[in-house]
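This briefing covers strand pairing and the main pocket. Look over the sequence and the model before reading the points.

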Amino acid sequence: TSVNPNTEMIQEFKVLSSSFGAEYSKGPNSMSVVSKSGGRDFHGSAFLYFRDYHLNSNEWFANKVERDRVKNSFVYPGFTLSGPISIGNFNKDRDKLFFFVGFEYYKQRLDTGFVRSWVPTQDMRNGDFRAASPETIGSGGFVNGVPNFPGGIVPADQIDPGGQILLNQYPLPNASPAQSGGYNYVDNLLVDQPNRQLLARIDWNISDSTKAFVRYNYQRETQPFVIGLWWRNGERQVPYPTGITAPNQSDSITGSLTHVFDPTLTSETIFAFTYIDFPNQYEDQSQVSRSALGYPYTGVFDFTGDVIPSVDSGGWGNNGPMYFNPGGFDPILFATKWQWAFTQNVTKVWGTHTAKFGFFWESIRNAQPGNNNSNGNIISDNWGPGNSGNTFADLLTGLAGAYADGNQNAVRDIK
């Protein structure tokens with residue numbers, strides 16, 4: 001979000017669902033957030049929110065697979081300070097200019113929740129599937145059977161070099177299916193996601209009838225994605241070969257000028273600008289680079305990026321594992337947004353009646369590439385022609401049930 005409402009920095013929060021006035025330009029639902037402001041006296045606060053895994057009990061599944069408690073932690077220190085601004089004789093009565101500033105740092109280590117999936121053993125990666133069974137692999141129906149090769153071994157001359165590289169991107173087994181409920185890979189990953197927020201506000205009583213304020217909000221966040229970008233296709237999706245990091249940022253500024261012409265006529269002018277940037281990028285692109293890994297194939301279209309295809313060995317279902325990441329990393333999958341807004345409100349009182357008039361103008365620009373499968377996406381099944389009966393073996397021999405590819409994602413500069 002562009003501005004996260006912070007309970008230590010806001011004075012008022014309202015959700016309007018119907019029957020709101022002309023000064024609220026958007027609907028039918030609208031949120032109104034008023035930040036804190038300074039006054040004649042100095043005020044300040046310091047606070048700390050702390051939560052640590054030592055205070056948690058272990059979850060039942062972690063106990064079942066003999067894993068320790070997830071070591072997540074949350075430490076949020078912050079402060080607020082407000083008061084008058086006096087320079088020499090200016091504002092010596094402390095009734096003209098005021099400030100408020102608030103800051104909070106979010107040091108947080110988050111867990112992803114358990115990944116439960118099925119992955120190939122080291123022998124399988126070299127073509128030996130003799131031990132493939134529910135006892136060694138687990139319940140994944142597309143990957144736990146011996147393939148249709150003599151003796152369950154893929155002949156060396158039928159191993160596809162590209163398929164072997166893709167098969168090796170799956171993590172190695174680390175769990176017993178008998179203990180984990182049918183999975184040979186179980187993990188709960190920890191990621192650091194620090195965030196910081198600063199809100200500052202200046203209020204100026206220009207005269208008894210004219211008041212103004214300016215509010216600025218600053219946010220920076222490092223958002224990691226270790227399973228895949230944005231979404232997760234169930235517990236069967238294993239961690240992507242490289243993590244993805246988004247050093248997100250947002251800056252928002254609002255200015256307001258209110259003037260009372262007389263007891264019956266009031267004008268309010270508001271200007272706002274917000275900038276947001278979400279630059280998603282690989283932490284180590286060499287881990288998914290075609291050239292670095294020696295992956296020998298290019299894509300279907302003229303554009304061929306350097307990122308290896310995503311792989312789904314479960315045939316769109318809960319039958320096998322997958323690692324997946326959308327396209328659009330050329331080399332950064334970004335979303336950059338600018339928003340300008342102007343509001344003019346007028347309130348007029350006629351006797352016992354009050355009328356409100358409002359004008360609102362807004363301009364939004366969103367520069368963002370598409371995210372189709374420009375890197376390619378291989379999907380395996382166990383019902384296609386020539387299928388071996390095991391989608392790990394199919395991948396190792398270069399057989400795919402379906403393949404999706406796209407040309408380079410164009411940048412959509414929407415205004």
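Strands β9 and β10 run antiparallel and are joined by 11 bridges; strands here are DSSP runs of E with at least two residues, numbered from the N terminus, and two strands pair if DSSP finds at least two bridges between them. The model is predicted, so to speak of local features a pLDDT of at least 70 is needed, side-chain atom pairs count only at pLDDT 80 or more, and totals for chains, interfaces and linings use all residues. Residues are numbered from 1 along each chain as its sequence is written, and side-chain values use heavy atoms, with hydrogens and water left out.

**Strands β9 to β11**
- A hairpin of 4 residues links β9 to β10, and Trp-204 stands opposite Ala-212 in β10.
- Between β10 and β11, which run antiparallel, there are 16 bridges.
- Thr-210 faces His-259 in β11 as its opposite residue.

**The open sheet**
- The order β14-β13-β17-β18 makes up an open sheet of 4 strands with mixed pairing.
- Its edge strands, β14 (322-323) and β18 (402-404), each pair on one side only.
- Antiparallel strands β13 (residues 310-312) and β14 are joined by 2 bridges, with Asp-312 opposite Met-322 in β14.

**The largest pocket**
- The largest pocket (an open set of points on a 1 Å grid over the protein atoms alone, where a 1.4 Å probe fits, with protein on both sides within 12 Å along at least five of seven lines) holds about 1,600 Å³ of space.
- Its lining (residues with an atom within 4 Å of a point) has 44 residues, and Met-31, Ser-32, Val-33, Arg-215 and Thr-254 lie nearest the centre.
- Elements giving two or more residues to this lining include β9 (195-205), β10 (210-225) and β11 (244-262).

Technical notes
Grid points are joined across faces, edges and corners, and a volume is the space filled by probe spheres set on the points.
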